[in-house]
Amino acid sequence: MSVEVIAIGGYEEVGKNMSAVKVGDDVVIFDMGIHLDRIHIHEDTDIARMHSLDLIERGVIPDDTLMKEVDGKVRAIVFTHGHLDHIGAVAKLAHRYEAPIIATPYTLALIERTIKAEKKFTVTNPLQVLNPGEKCQISPDITLEFIQMTHSIPQTAMAALHTSEGIIIYSNDFKFDNYQLLSPPPNYNRLKELGRKGVLAVIVDTTRASEGGEAKTHSEKIARIMLKDIMLGPMDEKNGMLVTTFSSHIERIQAICNIAKESDRQMLLLGRSMERFCSLAETMGILKLPATASIYGSPKAVNKALARAEEKRSEYLLVTTGHQGEPDALLPRIAAGKTHFNVRNGDNVVISAPIIPNPMNVANRNLLERRLKSSGARIFTNAHVSGHAGREDHRDFIRMLNPMHIIPSHGSLEMLASYTELAEEEGYKLGNNIHILRNGQAQVFNGGV
């Protein structure tokens, strides 16, 4: 029986992730993501009202039309975590396949919200919860297992497909973090057990493979320490205090909440995506907000909250969207003087996020910081650690699983090539057991382990 890995999206860019694994006549799809950069370019469009074919043409979502040529039945659509570059296209594509959607509870709840907001298509796929440490039977020859993993969003899992031909690991995205507040450490023992059983292939995230310097990704514990060092002094001042970070980074937001508890400031979480991710996490008991914290997402509610903060700025901590400088996000609008809250001399702004590297983000972020500084704000930009594994983490990953084949994914060609160099250091060889695919290509493996 042959095993085929089909690269649908995310093999030429960071975003619009989608892969398929075909075992005999059975197919499992992993991820249906969006390309966030393309949405920024077309920021005036309403994605929920657009047709999938138009979004494919614009490069916003994966081109899954190639699946019409795949001779097999899709048995499951699997999501390992809830970031938009992995789940954002589910409402546009999932209805084409008569298959259940499988994810952890928080990821599944985010998917359900995305489906309910959809205006163009009706998605009726069954929704099935799978927790880390659990397995489910996909077909007579395929069992899906979720392995406990850490990332920058709660309830991230690593997926293992158990087949008669060996184990296929899908590992987009992950980090090895032993000190998170909300998530248990990765299940290293299970990864080693799978390595001993025989891993046919891994499909692996290459996001940080081309980065020099930091060999291993630091724990969120480091970010917590940096945030506390930065925030505690300014929180006691009478000036304004603003923090911006990824709205999906519930672990980071929990750290900010815990720091806020040590002050008399009321916490305001502001912005549509902040409401989407944080309100759901709070409802599910994942995020523990201070008693004085409030979440506002609609423009009207945000404006009222900002007006209160403007009157008594020393009494509030604002946590906002807009760390990339996106013109329509909240912090850039505040910096541009387009809200009821005005940045004043002496205000403190903590940007707990890196610049996601593309020319638009670099330009937007530069403009954001210049506007904040021109208003007299003090800016802190270094309170962050990555949610993706570093090179030496990947070396450990390869050694734990000892896969027969490696398929680099989730990255540009430069990232895929850098991962190839790392794998070659571990004894693998390009064209033999390292396989670089482009979107639309496939790799067939004949014979098991």
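## Exercises on a predicted model

At 0% relative accessibility, Cys278 counts as buried (buried means under 20% relative accessible area, exposed over 50%, partly exposed in between, with a 1.4 Å probe and protein chains only). This is a predicted model, in which local features need pLDDT of at least 70, side-chain atom pairs count only at pLDDT 80 or more, and totals for chains, interfaces and linings use all residues. Residues are numbered from 1 along each chain as its sequence is written, and side-chain values use heavy atoms, with hydrogens and water left out.

**Exercise 1.** Find how many disulfides the model has, and say why Cys278 is or is not bonded to Cys257.

*Solution.*
- Step 1: Start with the rule, by which a disulfide is a pair of cysteine sulfur atoms within 2.5 Å.
- Step 2: Applying this rule gives a count of 0 disulfides.
- Step 3: Cys257 is in no disulfide, and the nearest cysteine sulfur, that of Cys278, is 7.6 Å away.
- Step 4: Cys278 is not bonded to Cys257 because its closest cysteine sulfur, in Cys257, is too far for a bond.
- Step 5: Check the burial of the partner too: Cys257 is buried, with a relative accessible area of 0%.

**Exercise 2.** Describe helix H9, its buried residues and what covers them.

*Solution.*
- Step 1: Helices (H or I, at least four residues) and strands (E, at least two) are DSSP runs, numbered from the N terminus.
- Step 2: H9 covers residues 272-283 and has 12 residues; from first C-alpha to last it reaches 16 Å, close to the 16 Å expected at 1.5 Å a residue (the expected span is 1.5 Å times one less than the number of residues).
- Step 3: The buried residues of H9 are Ser273, Met274, Phe277, Cys278, Ser279, Leu280 and Ala281.
- Step 4: Their cover includes helices H5 (105-117) and H8 (250-260), along with strands E13 (266-270), E14 (294-296) and E15 (316-320).
- Step 5: Move just past H9, where Gly285 takes a positive phi of about 80 degrees.

**Exercise 3.** Decide whether Glu220 is buried or exposed, and list its contacts beyond its neighbours within four places in sequence.

*Solution.*
- Step 1: Locate Glu220 in helix H7, residues 220-235.
- Step 2: Its relative accessibility is 2%, so Glu220 counts as buried.
- Step 3: With those neighbours set aside, Glu220 is in contact (heavy atoms within 4.5 Å) with Lys175, Asp177, Gln180, His249, Glu251, Arg252 and Val385.
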